[in-house]
There are 2 protein chains.
Amino acid sequence: MSIQDKFSKLGTDNAPGQEVRQQSSDLNTLLRGETLPGVPVDFSHGDVDAFTPTPGAFEIFADGVRRGGQQAYTEYRGASRIREELAGKLAAFTGAPVDAANGMILTPGTQGALFLAVASTVTRGDKVAIVQPDYFANRKLVEFFEGEIVPVRLDYMKSDAAAGLDLDQLEDAFRQGAKVFVFSNPNNPAGVVYSEAEIRRIADLANIYGATVIADQLYSRLRYTDVAYAHLRATGINPANVITIMGPSKTESLSGYRLGVAFGAPKLIERMEKLQAIVSLRAAGYNQAVLQTWFSEPGNWMDERIRLHQAIRDDLLKVLRAADGVEARAPQAGSYLFPRLPELAVAPPDFVRILRLQAGVIVTPGTEFGPHSANSVRLNFSQDHAAAVNAVERLVELVGRYRA
Amino acid sequence: MSIQDKFSKLGTDNAPGQEVRQQSSDLNTLLRGETLPGVPVDFSHGDVDAFTPTPGAFEIFADGVRRGGQQAYTEYRGASRIREELAGKLAAFTGAPVDAANGMILTPGTQGALFLAVASTVTRGDKVAIVQPDYFANRKLVEFFEGEIVPVRLDYMKSDAAAGLDLDQLEDAFRQGAKVFVFSNPNNPAGVVYSEAEIRRIADLANIYGATVIADQLYSRLRYTDVAYAHLRATGINPANVITIMGPSKTESLSGYRLGVAFGAPKLIERMEKLQAIVSLRAAGYNQAVLQTWFSEPGNWMDERIRLHQAIRDDLLKVLRAADGVEARAPQAGSYLFPRLPELAVAPPDFVRILRLQAGVIVTPGTEFGPHSANSVRLNFSQDHAAAVNAVERLVELVGRYRA
């Protein structure tokens, strides 16, 4: 593949946060009616001014700066002191041991971990099973490393009892030779959590076919009332074949510090560290200190954060479900809503741009997450509650205005 | 190339900062004499406790945190406000315009910039001209992307009037089809600065052969008395074919914030941003704020910093040159010394480990920088002055003890 082709596939024009680089001059002929007033809401990512970073994060960063050279320069895989402290917490959370010395790497955000994990397992021509829909970087990473994507469908609207992964298709993918399976749990964008039966079957299939699984569990702490969560790494999968990725960027609103962690198979972690050495050296040294706040939040801070998100979720679902032709499954975890919109008179990408222009509402187009999601949009509802409700009301109004 | 081969080439055991992961149990049979007392010095990187970060860096970071969401989430290429401010400063420093909107990207460290630049220009089978010796990541990055290295010799001991690049070999490399040339100026590890004639010839050759040049100018601010410096980007090279990389990690001691910048050809910067979106999203948002201190240091802070480094350089050179069989060219910029040691009775990698064990002195082995540098070691002399002098005295004593 030529380098031109490689990069032309790597589009970011519709990626969250990149809207400022779009032109909108050609939309005028499509517009219907007036602009809707209201507080602009950027649903492409969470609002860390509405849900602020973990208390004490800045102070512990400041301590890191005071610590000087030993905090600025760490092993490429991150400071051993911080890894050791974190390993115990992650083992407790996921229900399986974590090897701080050899089975863990700190990265610049979970994006950094995902990049290193895919780069360490996928090379030209390798078949990789990817869920549709799922986080757009999964697909882009496999394409960048010239792997071949074998899609596995997630029918997240089918039943509330499971995420809806087509397990037969997953087995087919392994049978066809897929050596790696990458998925996010809870699913990004749909917010659905894989059932224990699904996770057990994924583990069994990975064991049978000797496949490596990269489990992106970025949102696995923000779980709503009565949602059970099965950690793949604690479900009988061969520990040499699984990498789990987490980080404090979302629920904990620490994205501005760019921190993530990957843990699992030492052989793969070693590759990831070798690569990190030439990609970015390490997660910023002072920032690593902030990981000490993780899983050590004060009192019932996390419970309260979950409660507030659940309340926003419920209110947004009411607005969406009251709208003619809009379908939405309730997310079980995380802060993404992925409603399916009815047929519109304008193309989905144009509707997304119109939303921004006429309603001050930024969403991420469904096409970013898979080829069958053109009629859906993703909303990160970690926002000011009232502003989010009003913004979704405007979205619904424009859906009505632009219906086919 | 299999993924095993790809990663087995990516060794980091001898990389700076990774010494803690080495075993030393097998050295005992080689040891001669007693351990030398003295303050341990880690010359593998600068000591940010001896030369502390730019005044005000932490406070401006704190302002960034207070700014909240708009500082945490920026475009992948970095906050436009910060890019705009920086573009003027970099244009003034390098003597050619910088396009803040389309010709610049902020990255996690200069390592991040170098990774993205190589990834955006080199793909499988591409020939890439690489200087020997030069920064080890240049070689590793080309190997990772399965490019083919065409070495170009730097005879840095030849003359004080030039860095010593073999320009005929460079032209040969281009003639053989090298499409990219990567080099650091000042050279890492040798600390030599390319003469204006060398830079002009590099520009001419790049123009004639249509090659892209990635110029790593990380240390270009720390220049000693009466050293002239020619910026490649201001020397007639086709602006569509050059990327310049800088950052405040070294001279300014801001490595703990992981900040770098690449500027130049918009087409390449665009690729770099697309890739950054799946590698690490962005340089940590809050950290980006710290770039506001760059090129805006108080009063004569930078002059004083240069003066102090020059004094250390001169004292270390005296110790090294007084030692029998040790050769060292005076670095013209940056804080690296790259002395050539005489033949020893132990293999060079063992000597490096012995130095650590018996003298408390950590250096980076010359083999990291090229195949012809096995007898050299690199010292980053941005250290406490007295401790550095004593450490180099211990190094010299062990050279004597282990001579062949």
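I started with helix 6 of chain A, where Phe136(A), Ala137(A), Asn138(A), Lys140(A), Leu141(A), Val142(A), Glu143(A) and Phe144(A) are buried (under 20% relative accessible area, 1.4 Å probe, protein chains only). The model is predicted, with local features needing pLDDT of at least 70, side-chain atom pairs pLDDT 80 or more, and totals for chains, interfaces and linings using all residues. Residues are numbered from 1 along each chain as its sequence is written, chains are lettered from A in the order in which they are written, and side-chain values use heavy atoms, without hydrogens and water.

I noted that 8 of the 9 residues of this helix (136–144) are buried, so helix 6 of chain A is largely enclosed by the rest of the structure. Helices here are DSSP runs (H or I, at least four residues), numbered from the N terminus. Glu146(A), which follows the helix, has a positive phi near 60 degrees.

Next I looked up the interface. Chain B and chain A each give 73 residues to the contact (heavy atoms within 4.5 Å). The two chains bury about 5,900 Å² between them, 60% of it on carbon and sulfur atoms; this is accessible area (1.4 Å probe) lost on being put together, summed over both parts.

I found 2 salt bridges across the interface (Lys or Arg side-chain nitrogen within 4 Å of an Asp or Glu carboxyl oxygen). Arg124(A) and Glu146(B) meet in a salt bridge at 3.2 Å, N to O.

On the side of chain B that touches chain A, several helices give two or more residues, among them helix 1 (3–8), helix 2 (57–67) and helix 9 (266–279) of chain B. Helix 9 of chain B gives the largest share, 7 residues.

Note on methods:
Buried means under 20% relative accessible area, exposed over 50%, partly exposed in between (1.4 Å probe, protein chains only).
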